[in-house]
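This report covers burial, charge pairs, cysteines and surface patches. Please read it alongside the sequence and the coordinates.

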Amino acid sequence: MAASATSTPDYHRYAGKALPGDTGDACHLLAWHSLDVAAVGWQLLAPERPLTQQLSARLGIEPEPLRQLLVFLLGLHDLGKFSRAFQEILKLDLAGMAPPLGKAYSERHDRLGVLLWDKCWRQWRKEGTLSWPADDASSARNLSKPMNSLMAPFFGHHGRPVATGHLQLDTFYGNDGALDDVSAAGAFVADWAAIIEPHWPLERLLDENWLAAFKTLSWTIAGWATLSDWLGSHRDYFPYWQSAVPLSDYWPRARQQAGAVLKATGFLRPPRPIPYEGLAQWFGTDVTPTPLQQAAEALSLASSPQLFILEDVTGAGKTEAACILTQRLLAAGHAEGLYFALPTMATSNAMYARLGNFHHRFFSAESKPSFVLAHGARELNEDFERAVMAAQPDDDDYTATDASASTQCNRWLADSNKKALLADVGVGTIDQALAGLLPRRHQCLRLLGLARKVLVVDEVHAFDHYMQTLLHQLLAHHARQGGSAILLTATLPFKMRQALINAWRDGLGEGAAPLASTDYPLLTHCSREPLRETALATRPEVIRRVEIGWLTQEDEAIALVMAAVDAGECIVWIRNTVDDAIRAWRQIRDLHPDPARCLLFHARFAMLDRRRIESEVIERFGKASTAANRQGQVLVTTQVFQESLDCDADQMVSDIAPIDLLIQRAGRLQRHQRGERASPVLQVLAPSWDDDPKADWLSQAHRGTQVVYKDTSLIWLTQRVLRERGAIEMPGGARELIESVYAYSFDDIPEALDGARVERSGMDKMAGSMATHNALDLEAGYRLDPNFDQWQEDRDIGTRLADEPSIEIVLLKREGDALVLWADGERHADRLSRCQLRQSQARKLMPLSERDTERWEALLQRHKGLRFAQPWLPEEDTECCYDKAWGVSFER
C-alpha cells in the first residue's frame, strides 16, 4: 500500500497550511509539517529528560522505545487534513495539488483525524502499515478501547478531546480513482512508521492497570502534544516547504530546526538546580533562620511525591521556608521548577516582586530560568511589563473555529496565563492552577506545566468549599503525576488539614493517615512513608497578644476613630460591606480636621483609581511609612486590606467576622516595630451579646454583616470565644480559637441559629458537589464523556463560586461629542477603566442611550477586549454615580 520512505508518493499533494492571504503561491506540505511537530516532540522527550523518565517509570517502558511510540503517534496528529474537504479551504492553486472534492468542509480536521483512524487502523495493522509485530496474534477487537485511549491526546491537540460522533468517512474523504485521500494517508503513515519504527507495547495495552496509569498521564501527554504542535508551527524556524523531498531526508532537518526553536523559547533543557546552602545564599548576609525555616532545612525528604503543610503565624518566614523546601526538592531531582499560587492578584503581584529578587538563586547561573506572572491583569504590573516577551506576528486562520496552530502559538507566546505553568518559575493566582481541572481549552498545558513542578499554595485557609474541593482534586492529581506540593497557612481548622492530607494520600493510592497533633505552629509532612507532624518553636518577636474591645453602635466606632485622630495616631476600620464602608467614610471625612487624610479603599473602584488609592494606602500605612505620614490618618476599608497589603495601624476597628478573619485582621494591628505604642487592642463592632439569641440577632443590628456571613452561628461562636478569652494570643491560643468556632457540635449553638447553620451546611455540600460536577474526571483519561459533553463552548465554568455572577463594567466619560474611556490617555486604558460588580448591582446602572450606542461600537473596534463588558456613563446616570474618591455608589 505504501511507497518507500525515500520516494515521493501522493501525500505530497496535500498542504498543511497556506500563507496569510495567499492566492496559491506558497504552502507548507502536510507530511512535512507533521514531521516538524514530531521533531519538536522528539526533542522534548529525549531519554535523559525528567519528563521522559517520569513517563517511563509510570508506564514501565524504557525511555527510548517510549519516545519512539509517542512521537510516531504525534506525527499522526493532523491525519484529518488528508481530507480534500479540508484542503479546499486553503484555496491553493498549485500545480500537482490535490484536486477539489466538491464537498463542504463542515467539521474540524481533528475530528476528521479521529474518523480516519477509527475506520482504518485495523486494516493498516493487518497490512503492516503501522509496523505492527508480524507474529502478533492479539485481537483487534480487544484493542479497540486501549487504542482509543492511546490516540486521544494526539487528536485533541487543539485544546480539547474530540470524537467522531455520527460522521461518515465518505463524506469528507475522496475515492474518485484519481486520488484516494485514505490511500494517501495510509502511505504517509507507512513511510513515517518506517522512519520512526514505533514500539507497540501489546501486552501492556491489554493490561487494565497499565491502561489506568496511561489514562492518568494522558493529560500530560496531551499537553506535550499541544506544545509540540504550537512550537512545530513556528514559521521562523519551520519555513513553508513546497518541494516534495523524501521524509527520510526531511526528518534530520526537522530535528535540527526543532532544537533551534526549543532553544529560542526556553524549552531546550530544564534549568540546572543547585544545592541549598543556607539563607545567606539568597540574601548575601548572615541571616538566622526562624524555627520554621530551621525545620525546613533539617527535615528528611521522602523518595516519593510529598506534601508539606506549614502552619505558623505572620512573620514566621513561611515564604522563605517554602523556598528552602522547594530548592531542596529541586536539587534532589523531585522537580524541575515551581509555581507559587496565591489567593488574589494583589498578593500575586507582591510575591512576583519578592521572588524576583532570589528565584534565580535556585538554579545555576547559566540556566537563566524563565519567570512569569499569571493573572487577569498582569499587563498592569510594571515589573512584568518590563520582562514580558514581545508578541509574535499573526498567522492565517482556516476558519473562525479552526484556527491554525501557528496562530495559537503566536498568541500563546504572549499569553502568560497559559505560559506561566510552563515557565520554570511561575507566580500567579491559584485560579491558574485550578483551571487545569476544568473543561477549558488548552487546560492540558497547565497540567503539563505542573507535572514536574513544586506547587506552592499560600493562604489555603481562605478557600471556600467549592475551591477546597477543586484543590483536593488538584492535589490528588499532582501526587499521581509525581509532583510535590507545599501549602502555607496561618490558621487552618483541623478538619481542613485532614482533608488535604486525605486528598494527597488518595492521589498516591495509599490509605488514610489520621492526624494526631494539635500543636501550633506545626509542620506536617505527608508521603508514602509514615505521616510526620513536627511541632515548632516560635520566635519571640512574633509572639503577640491583642486585647479585644467591644463596640455595639457605629457612633461608638466613629468616636473612637476621631479620638485616634486627635491623638495623632493612624487607625483602620475594616467593614464587611462596601456600602457600609462608604457611609462610614463620608461621616468621618466630614468630621476630620484634614479630610485629605481620610482614605476609602474597597473593590468597587475602576482599576485606575484602585491602583492610585492602593499606592496611597501603602505610602501612609505601609512598612516604610513615616511618623509624619501616619499622623491622623484614617483608612476605612473592606476585606481587600487584609488580603493584599503589608500595612499596619496604630489602632484598629473591625466589624465582627468569623474568627480566622479577625485573627488575620489583628495581624495588621501594630504589625511593624515603631517604638513605644500602647498595647494593641482590636475593637470589634458587634451586636450586644446574647446567650440565647433570636434568629435575627445579627441582622437587626448589622444587616450588611448578615448578608456577607449568612451562617450566623459562626459569628455567634466567634463572639463567644473572644468574650471568654478576652484576647487573640498568637501562637499559643491560635488552635483553640479556630477549633472553638469550626470544630463545634450543634449542642454548642443556640436553637434559633440552627436554621442558618443547616442552610449553610447545605450550601457547602452543594458547592462541593458543583465543583465535582464541573471538574474533569482526570482518572478517566483525556476523552469526551459520551453521556455529557463538559467541553461545550457556551459553558462558563469558573474556579470560584459566587452567590451571583459578577459583571465587568467599563466606565466611560464624554469628551465633546465622543465617548472615551475613564482612563483615556493612560497605557492599558481599557483595563484601567474597568471594575467588577455583582449582577444585581450592574442592573441598577443606567444603560447607554441610543445615540451613544454607535459611539460605543466605535470604541469596541479599538478595544476588542471590552466586547463582553457592560458600558456605563456615570455622569449621566440619574440614580447611581461614580467618584474617584468613593467609587461606585448606588445612590446619588
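Buried means under 20% relative accessible area, exposed means over 50%, and partly exposed lies in between (1.4 Å probe, protein chains only). This is a predicted model: local features need pLDDT of at least 70, side-chain atom pairs count only at pLDDT 80 or more, and totals for chains, interfaces and linings use all residues. Residues are numbered from 1 along each chain as its sequence is written, and side-chain values use heavy atoms, with hydrogens and water left out.

## Salt bridges

A salt bridge is a side-chain nitrogen of Lys or Arg within 4 Å of a carboxyl oxygen of Asp or Glu. By this rule the model holds 41 salt bridges. Three of the pairs are tabulated here.

| Pair | N to O distance |
|---|---|
| Arg-354 and Glu-320 | 2.8 Å |
| Asp-580 and Arg-583 | 3.1 Å |
| Arg-597 and Asp-594 | 3.6 Å |

Which helices hold Arg-354 and Glu-320? Arg-354 sits in α15 (residues 345–355) and Glu-320 in α14 (residues 318–331), so their salt bridge ties together parts that are 34 residues apart in sequence. Helices here are DSSP runs of H or I with at least four residues; strands are E runs of at least two; both are numbered from the N terminus. Arg-354 is partly exposed, because its relative accessibility is 36%. Glu-320 has 11% and therefore counts as buried.

The Asp-580 and Arg-583 pair is local. Both residues belong to helix α24 (residues 578–591). They are 3 residues apart, about one turn of the helix. Asp-580 is buried, since its relative accessible area is 12%. Arg-583, at 38%, is partly exposed.

In the third pair, Arg-597 is partly exposed at 24% relative accessibility. Asp-594 is also partly exposed, because its relative accessible area is 33%. Elsewhere, salt bridges with shared partners link Arg-545, Glu-547, Arg-725, Glu-729 and Glu-736 into one network.

## Cysteines

A disulfide is a pair of cysteine sulfur atoms within 2.5 Å. How many disulfides does a search of the whole structure find? The count is 0. Cys-647 is thus listed in no disulfide, and its nearest cysteine sulfur, that of Cys-570, is 9.7 Å away. Cys-647 has 0% relative accessibility, so it counts as buried. Cys-880 is in no disulfide either; the nearest cysteine sulfur is that of Cys-881, at 7.5 Å. Cys-880 counts as buried because its relative accessibility is 1%.

## Covered segments

Helix α28 (residues 659–666) is mostly covered, with 8 of its 8 residues buried. Its buried residues include Asp-660, Gln-664 and Arg-665. Among them are also Ile-659, Leu-661, Leu-662 and Ile-663.

Ala-435 lies in the loop between α19 (430–434) and α20 (443–451). Is Ala-435 buried or exposed? Ala-435 is buried, as its relative accessible area is 1%. The C-alpha atoms of Ala-435 and Arg-446 are 7.7 Å apart, for a separation of 11 residues along the chain.

## Surface patches

Patches are built from residues with over 30% relative accessible area and no salt bridge: like charges are joined within 9 Å, and nonpolar side chains (Val, Leu, Ile, Met, Phe, Trp, Tyr) within 5 Å. Accessible areas come from the Shrake-Rupley method with a 1.4 Å probe; for residues, only the protein chains shown count as cover. Lys and Arg count as positive and Asp and Glu as negative; His and the chain ends are not counted. The place of a charge is NZ of Lys, CZ of Arg, CG of Asp or CD of Glu.

Asp-690, Asp-691, Asp-692 and Glu-751 form a negative patch. Asp-692 is in the loop between β16 (681–685) and α29 (697–701). Asp-692 is exposed, because its relative accessible area is 56%.

Met-766, Met-770 and Leu-801 make a nonpolar surface patch of about 240 Å². Met-766 belongs to helix α33 (residues 754–774). At 48% relative accessibility, Met-766 is partly exposed.

One further exposed site is in helix α36 (residues 850–862), which contains Glu-854. Glu-854 counts as exposed, because its relative accessibility is 66%. The C-alpha atoms of Glu-854 and Gln-836 are separated by 24 Å, and the two residues are 18 apart along the chain.
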